[in-house]
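Hi everyone, thanks for making time today. Let's have the structure up on the screen and walk through it together.

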Amino acid sequence: MLQHILSGLGGLLNGSQYLFSMNGLPNLVMLVVAGVLFWLAIKHDVEPLLLLPIGFGCLLVNLPLSEVMMKDGVLRIFYDAGVTTEIYPLLIFVGIGAMTDFRPLFKNPSIFLLGAAGQFGIFITLALALWLGFTQLESVCIGIIGACDGPTTIFFTSQYAPHLLGAVSVAAYSYMSLVPVIQPPIIRAMLTKKERGIRMTTIKGSVSQITLILFPIIVLVITGLIAPKGLPLMGMVCLGNFMRESKVVERLTHASENEIANVVTLLLGLCIGATMEGHIFLKTTTLLILALGFLAIVFDTVFGLLLGKFYCLVSGGKINPIIGAAGLSAYPMCARVAQTVGQKYDKKNFLLMPAMCANTGGQIGSVIAASIVLGVMQGLGMVP
Amino acid sequence: MQSMDNVSFAVTMAITGAGGTFLVMWATSIIVRFLMKIFPAEEQQ
């Protein structure tokens with residue numbers, strides 16, 4: 001009888017014994033990491049919609065002897081339903097398309113190309129990852145952090161390097177929210193005071209509804225013809241935007257922006273956190289990925305500013321090259337950074353509208369870049 | 001599946017990926033200008 005009671009009590013202590021043993025040390029560290037993610041989300045408002053559920057998934061999977069990610073575990077069910085099938089990031093893309101207003105883009109289409117330059121960091125980071133010893137598919141997934149677009153990163157990594165999903169996702173979302181910290185020093189280093197102080201006039205004018213309706217269809221057709229492998233990504237963004245601009249399916253648009261996006265964000269965050277089990281996550285590769293993710297954003301900014309400087313030269317000094325830094329997909333953060341940095345040198349300089357053009361270009365540019373990468377990979381025979 | 005050395009892969013991705021992105025966005029910007037001309041906003045009409 002006493003033996004049975006002691007055995008039962010022993011069962012209650014297994015978890016704590018494991019956590020404070022050498023085997024449980026990685027899990028203990030990840031429980032602290034979960035706490036850091038909560039602190040960033042709650043105290044500092046750093047991407048709380050994602051970091052909070054990611055932190056919670058990390059907590060659940062690192063509690064000792066947790067079965068949440070084992071066969072028939074709750075997080076495994078969510079993971080298999082939406083991450084393995086890639087449905088979660090695609091549903092989020094519908095919401096992103098529904099939330100995006102492309103009007104700023106139409107007022108100055110030439111600034112659109114800054115959104116292309118803002119993706120060049122993908123390819124530099126890809127090369128660096130190869131040099132550091134990652135495989136070609138892993139390097140593509142790491143390079144895609146440079147798209148500065150969480151769902152795109154998850155779409156690629158869940159398909160081509162699922163063992164890196166935790167590290168790549170945390171890198172992508174963390175650095176996106178750190179853009180206001182990463183970009184200003186680069187802008188100061190690359191631009192002269194004169195360049196930073198260039199005033200830009202506010203672009204006026206409106207856009208016809210038919211243009212707004214046709215735009216997502218045309219972008220989808222062009223990208224689909226060139227890179228059909230990217231149709232899921234581009235298709236979902238364009239669906240969301242098409243619904244928004246048609247103005248005849250307000251309920252669907254509203255649901256895409258709100259209920260669907262919110263539910264999927266919650267489940268996706270939990271699933272990403274669930275891949276952060278200590279023994280899998282705490283490796284040298286994770287640190288390398290975090291470093292490469294940082295470099296991806298840096299290179300995006302550098303190339304955006306270089307194209308901005310070129311525009312400044314060609315326009316005879318009418319375009320402030322700071323808006324080149326807004327060509328990333330982190331919307332509308334990059335545009336706000338451009339506005340803030342510009343006003344530091346000239347309080348009467350309002351760069352927000354032209355920066356929003358570039359930022360919107362970056363949003364669509366990231367999806368186009370990802371689609372093109374998929375198409376090239378298919379052409380090289382790397383993917384079916 | 002083609003096997004490529006890493007240098008060739010990186011260069012190929014940079015040229016086709018970056019170049020392709022630039023070309024598609026340039027083509028899109030041309031189409032946007034075209035649409036703005038064909039379908040001007042109501043105030044402009």
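Chain A of this predicted model has an average pLDDT of 90, and 99% of its residues score at least 70. Within chain A, confidence is highest in helix H8, residues 121–131, at 95, and lowest in helix H1, residues 2–19, where the mean is 80.

Now to where the chains meet. On the chain B side, 31 residues are in contact with 36 residues of chain A. Those chain B residues divide into 19 nonpolar, 9 polar and 3 charged.

One helix pair to look at here is H14 of chain A, residues 209–226, with H1 of chain B, residues 6–38. Their axes come within 10 Å and cross at roughly 150 degrees. Angles over 145 degrees count as roughly antiparallel, so that is how H14(A) and H1(B) run relative to each other. The crossing is right-handed. From H14(A), the contact residues include A:Leu214, A:Phe215, A:Ile218 and A:Ile222, and from H1(B) they include B:Val24, B:Ala27, B:Ile31 and B:Leu35. This contact has 12 nonpolar and 4 polar residues, and no charged ones.

So, what about helix H15 of chain A, residues 231–246: is it enclosed or not? Of its 16 residues, 12 are buried, so H15(A) is largely enclosed by the rest of the structure. Among the buried ones are A:Met234, A:Cys238 and A:Phe242, and also A:Arg244 and A:Glu245. The buried residues pack against helices H5, H10, H14, H16 and H20 of chain A, and H14 is the helix we just saw against H1(B). Right after H15(A) comes A:Lys247, with a positive phi near 65 degrees.

Definitions and conventions:
Residues numbered from 1 in each chain as written. Chains lettered and ligands numbered in written order. Predicted model: local features only at pLDDT ≥ 70, side-chain atom pairs only at ≥ 80, totals over all residues. pLDDT = per-residue confidence, 0-100. Helix = DSSP H or I, 4+ residues; strand = E, 2+ residues; numbered from the N terminus. Axes fitted to C-alpha atoms, helices over the stretch in contact; angles between N-to-C directions. Parallel < 35°, antiparallel > 145°, perpendicular 65-115°, else oblique. Left-handed = near helix turned anticlockwise from the far one by under 90°. Contact = placed C-beta atoms within 7 Å. Nonpolar A, V, L, I, M, F, W, Y, C, P; charged D, E, K, R; others polar. Buried ≥ 20, exposed ≤ 12 C-beta atoms within 10 Å, placed from the backbone.
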